[in-house]
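I opened this model to look up how its parts meet. The entries below are in the order in which I checked them.

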Protein chains: 2
Amino acid sequence: MNDTSTRSIAETAELTGLTAHTLRYYERIGLLDPVDRGPDGRRRFRDADLAWLGFLTRLRVTGMPIRDMRKFAELRRAGDVTTPARLELLSRHRDTVRRRITDLADCLDALDSKIDHYRTLITSTTSRS
Amino acid sequence: MNDTSTRSIAETAELTGLTAHTLRYYERIGLLDPVDRGPDGRRRFRDADLAWLGFLTRLRVTGMPIRDMRKFAELRRAGDVTTPARLELLSRHRDTVRRRITDLADCLDALDSKIDHYRTLITSTTSRS
DNA sequence: GTATGAATTAGAGCGCGCTCGAACGCAAGC
DNA sequence: GCTTGCGTTCGAGCGCGCTCTAATTCATAC
């Protein structure tokens, strides 16, 4: 198995940062279409699989629940006619992510204030001793 | 029980956005110091409890694991001498949050590209039909 | 005095997203 | 031919952060 255009599960795990276990899990729950198999019955991941995994990873990093990713994968399988639905799903998710970012930024400001406060405490204590 | 300076668990839940269950849970696991009780044995939350809960909520929103919050609570109980340690913990967390925000922003850019791509597809399809 | 409603406790259960274990298959290298 | 290593499947288990149930207590309203 030295086909340069496909990769074993170990190579794919390495490239995607996922574990082999997770890759099988993703296929099992329908996030991945059934992956091609070599003559020995082992999985061979194609470039398209890698690209799709990269996209899934971005969705996951941005906190999309797996059930929504499955919905997206399902739409994709259903073909071009679902493009508007996919756009809709993605747009909603983007809005969620934006809100998440501003929430984080707001909390970060509060954290910074708290940190400044602690620094002040330490500095005044230190100078007094 | 109409003490204006303390609140029942229901009022506290309302004010913090947490449930009464969660408030008891937080106390149980040591995120909250044992809450004062009224003469009837029920919890009475003081202003300081509210402020602390607000802070905890910010830590939670920014994804701090409960075990770290417990660590922080423990340091706080140990008094002023732990100020440097708390500052350290908080500073580390802030760095984590910053990284998280940039990660999200990067993913958001990728999502935006994907969305633009989908929009292009739809527009060209629509104009052709 | 009885019904209602808010609180209490201890402990079980849940949804999520993996993560791991067991038992097995198969091919290559010694 | 036997070990090594990488893969397979099925299904159980786990860590997290709650979330809920059951049984009980107590104060107030009627």
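The notes go from the basis of the values to the protein interface, the two DNA strands and the salt bridges.

**Basis.** I am working from a predicted model, in which local features need pLDDT of at least 70 and side-chain atom pairs count only at pLDDT 80 or more, while totals for chains, interfaces and linings use all residues. Residues are numbered from 1 along each chain as its sequence is written, chains are lettered from A and ligands numbered from 1 in the order in which they are written, and side-chain values use heavy atoms, with hydrogens and water left out.

**Chain B against chain A.** I looked up the contacts, meaning heavy atoms within 4.5 Å. On chain B, 31 residues are in contact with 31 residues of chain A. The area buried between the two chains is about 3100 Å², and carbon and sulfur atoms give 79% of that area. Buried area here is the accessible area (1.4 Å probe) that two parts lose on being put together, summed over both. Which three residues supply the most of what chain B buries against chain A? I found Leu104(B), Leu111(B) and Tyr118(B), with 19% of that area.

Next I checked the polar side of this interface. I noted two salt bridges between chain B and chain A, a salt bridge being a side-chain nitrogen of Lys or Arg within 4 Å of a carboxyl oxygen of Asp or Glu. Asp112(A) forms a salt bridge with Arg94(B), and their closest N and O atoms are 2.8 Å apart. Six residue pairs are in polar contact between the chains, both residues at pLDDT 80 or more. A polar contact is a pair of N or O atoms within 3.5 Å; within protein, one must be able to donate a hydrogen and the other to accept it, and residues adjacent in sequence count only if both atoms are side-chain atoms.

I then assigned the touching side of chain B to its elements. Helix 3 (47-61) and helix 5 (83-128) of chain B each supply at least two residues to it. Helix 5 of chain B gives the most, with 25 residues. Helices (H or I, at least four residues) and strands (E, at least two) are DSSP runs, numbered from the N terminus. By class, this side of chain B has 19 nonpolar, four polar and eight charged residues. Ala, Val, Leu, Ile, Met, Phe, Trp, Tyr, Cys and Pro count as nonpolar, Asp, Glu, Lys and Arg as charged, and the others, Gly among them, as polar.

**Symmetry.** How is chain B laid on chain A? A turn of 180° and a shift of 0.0 Å along the axis do it, with an RMSD of 0.0 Å. The two copies are thus related as by a two-fold rotation axis. In chain B, the C-alpha nearest the axis is that of Ile101(B), 3.1 Å from it. Copies are superposed by least squares on the C-alpha atoms of residues with pLDDT of at least 70 in both. I also noted that 100% of the interface residues of chain B are interface residues in chain A too, so the copies meet through the same surface.

**DNA strand C.** I counted a residue as near a strand if one of its heavy atoms lies within 4 Å of it. DNA strand C is surrounded by 19 residues, the closest being Arg42(A), Arg67(A), Arg24(B), Arg42(B) and Arg43(B). Of the strand C atoms within 4 Å of the protein, 65% belong to sugar or phosphate and the rest to bases. I looked up phosphate oxygens: one is 2.9 Å from an N or O atom in the side chain of Tyr26(A), and one is 3.0 Å from such an atom of Arg37(B). For Ile66(A), a polar backbone atom is 3.2 Å from a phosphate oxygen. Helix 2 of chain A gives the most to the surface near strand C, with five residues. That surface has six nonpolar, four polar and nine charged residues.

**DNA strand D.** Here 19 residues surround the strand, and the closest are Arg24(A), Arg42(A), Arg43(A), Tyr26(B) and Arg67(B). A phosphate oxygen of strand D is 2.7 Å from a side-chain N or O atom of Arg43(A). For Ser8(A), a polar side-chain atom lies 3.2 Å from a phosphate oxygen of strand D. Helix 2 of chain B brings the largest share of the surface near strand D, five residues.

**Salt bridges overall.** I noted 14 over all chains. One joins the side chains of Arg46(A) and Asp36(A) at 3.3 Å, N to O. Arg46(A) is in strand 2 (residues 45-46) of chain A, and Asp36(A) is in the loop between helix 2 and strand 2, ten residues apart.
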